[in-house]
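Let's take a walk around the ligand site, going from its surroundings in to the metal. Have the model open as you read.

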Amino acid sequence: MTATQTTDPIADPTTTPTFDPTSESQLADPYPGYAQMRAKCPVLHDQDLDLWVVTRHEDVVRVVHDARTFSSENAVRVATGPESDDVKQVMAEGWSLTPNLTESDGEEHTRLRVAVNKVFTPRRVAELEPFIRSTAEELIARFAAAGSTDVIEGYAWPLPLMVMAQILGIPAEDVPRLRQWSSNWLKLSVGTGPQDERVEWARDVVTMQHYVMAMLTNTKRADEGSLVASLGRYGEEHRLDTVELMRIVMNLIIAGHVTVTRAIGNGLVSLLEHPDQLAALRSGEASVEAMVEEILRFESPVQGLFRTVTEETELGGRQLVPGDRVMVHWGSANRDGCVIEDPDVFALRSRPGRQQMAFGRGIHACLGASLARLQLRVAIPMLFDRLPGLRLGPADSRTRERLVIARGFEELRLLWDTP
Ligand code: HEM
């Protein structure tokens with residue numbers, strides 16, 4: 001049951017801001033709206049999506065640290081309605097999408113998380129740096145002479161996906177298919193979109209599941225030193241079945257690239273729109289580490305995900321009941337002036353590390369954070385080093401992705417000087 005309060009003393013419809021992150025105005029700049037929500041209605045009930053949007057830093061921290069009251073069931077689903085029979089029929093040729101890391105609770109989540117922590121080690125991440133550098137160089141070399149490119153298509157998409165393929169042991173020629181499959185996996189998982197398209201997305205998801213299952217079962221395809229091979233060995237020793245391992249691999253592929261893609265795009269625009277901060281970075285006055293943290297704070301790639309209330313509780317003056325859905329809004333929490341000084345100023349100064357929460361918090365906090373940080377430290381400065389006079393293209397060559405849960409660019413044209 002979901003509580004929709006008609007006589008709501010907090011949410012006066014004449015003064016309460018609306019939550020509409022895919023509207024033109026909020027796509028352009030959602031932050032004034034979030035500031036209003038934090039001030040007037042920090043836990044706001046959105047009628048259309050039927051969920052409570054939690055915008056204050058303090059409340060977001062409370063939710064993500066109380067996994068018992070706020071379950072991660074359906075954590076990525078914007079809409080939770082039943083699937084059509086056509087989608088169900090296609091999915092019957094594969095396996096259920098859940099429980100996976102992001103959408104599991106308690107012991108089930110711990111089992112999966114421990115498995116990944118055992119094989120996805122800091123050493124494995126550190127060893128990837130030369131590959132990240134050479135791949136970034138190679139991608140830049142493909143467009144450097146042109147003086148202009150859509151940096152999302154030519155760089156921000158392929159780089160993190162090639163890195164995930166490398167770490168998992170997926171052949172480079174399969175990367176384009178991986179992109180299509182995982183993009184459709186995300187679209188199917190969020191639960192929205194026209195039914196006929198959902199059937200197509202489901203087909204791709206099932207194909208991807210079979211592909212990953214084949215990798216896990218056919219050792220010839222999985223290179224011995226790869227993460228997939230290590231996971232396979234761990235699974236045999238600790239009784240994780242192949243379907244559970246397949247869900248882990250799918251989770252890593254999707255969580256591990258679209259997020260970094262968005263961070264690269266958002267970061268480039270933030271830097272190019274703040275030339276003083278870019279100059280501080282280029283002169284060494286601001287550190288690359290501070291750049292990464294500020295990019296993630298200022299325009300958080302994952303703006304928010306969902307939790308389901310399991311027992312009656314109070315949050316931000318609201319009474320929530322079991323079954324209510326809550327959106328934890330990291331993007332807004334990262335702009336909360338109660339915790340962050342000058343939250344709407346993009347400044348590459350060092351801010352105390354624990355304030356920034358673009359990687360989430362609590363038991364579901366991002367397990368790829370160190371890999372994401374490493375990629376951003378390499379990928380963004382390298383573009384400025386290799387492309388002299390790098391600047392934004394015309395405003396109409398910049399298109400935002402239209403998503404409730406994430407913030408990034410679909411297209412982002414950059415220009416630079418060529419000899
Ligand atoms: C800038 C890039 C990234 C951002 C902003 C980001 C953000 C997040 C956030 C906010 C969560 C928490 C979800 C929740 O609480 O429900 C999360 C979880 C997760 N992330 Fe990331 N992430 C990034 C990169 C990566 C990378 C590179 C990987 C893979 C190597 C990865 C793998 C995961 C996984 C598997 C989870 C689920 C963890 C769990 O539920 O226990 N992420 N990420």
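**Around the ligand**

The shell around the ligand splits into 18 nonpolar, seven polar and two charged residues; here Ala, Val, Leu, Ile, Met, Phe, Trp, Tyr, Cys and Pro count as nonpolar, Asp, Glu, Lys and Arg as charged, and the others, Gly among them, as polar. Keep in mind that this is a predicted model, where local features need pLDDT of at least 70, side-chain atom pairs count only at pLDDT 80 or more, and totals for chains, interfaces and linings use all residues. Residues are numbered from 1 along each chain as its sequence is written, and side-chain values use heavy atoms, with hydrogens and water left out.

Of the 27 residues around the ligand (a heavy atom within 4 Å of it), the nearest are His-109, Arg-113, Arg-307, His-364 and Cys-366. Which elements each supply at least two residues of the shell? They are α5 (106-119), α14 (258-273), β5 (304-309) and α18 (369-386), with helices being DSSP runs of H or I, at least four residues, and strands runs of E, at least two, numbered from the N terminus. α14 gives the most, three residues.

Now for the polar contacts (pairs of N or O atoms within 3.5 Å). A polar side-chain atom of His-109 sits 2.7 Å from a ligand oxygen, and a side-chain N or O atom of Arg-307 is also 2.7 Å from an oxygen of the ligand. Leu-101 uses a polar backbone atom instead, 3.2 Å from a ligand oxygen.

Finally, look at the iron. Its single donor from the protein is Cys-366 (SG), 2.3 Å away; donors are N, O and S atoms within 2.8 Å of the metal (3.2 Å for Na, K and Ca), and water is not among the atoms, so sites may look incomplete. Cys-366 lies in the loop between α17 (330-333) and α18.

Methods:
A polar contact is a pair of N or O atoms within 3.5 Å; within protein, one must be able to donate a hydrogen and the other to accept it, and residues adjacent in sequence count only if both atoms are side-chain atoms.
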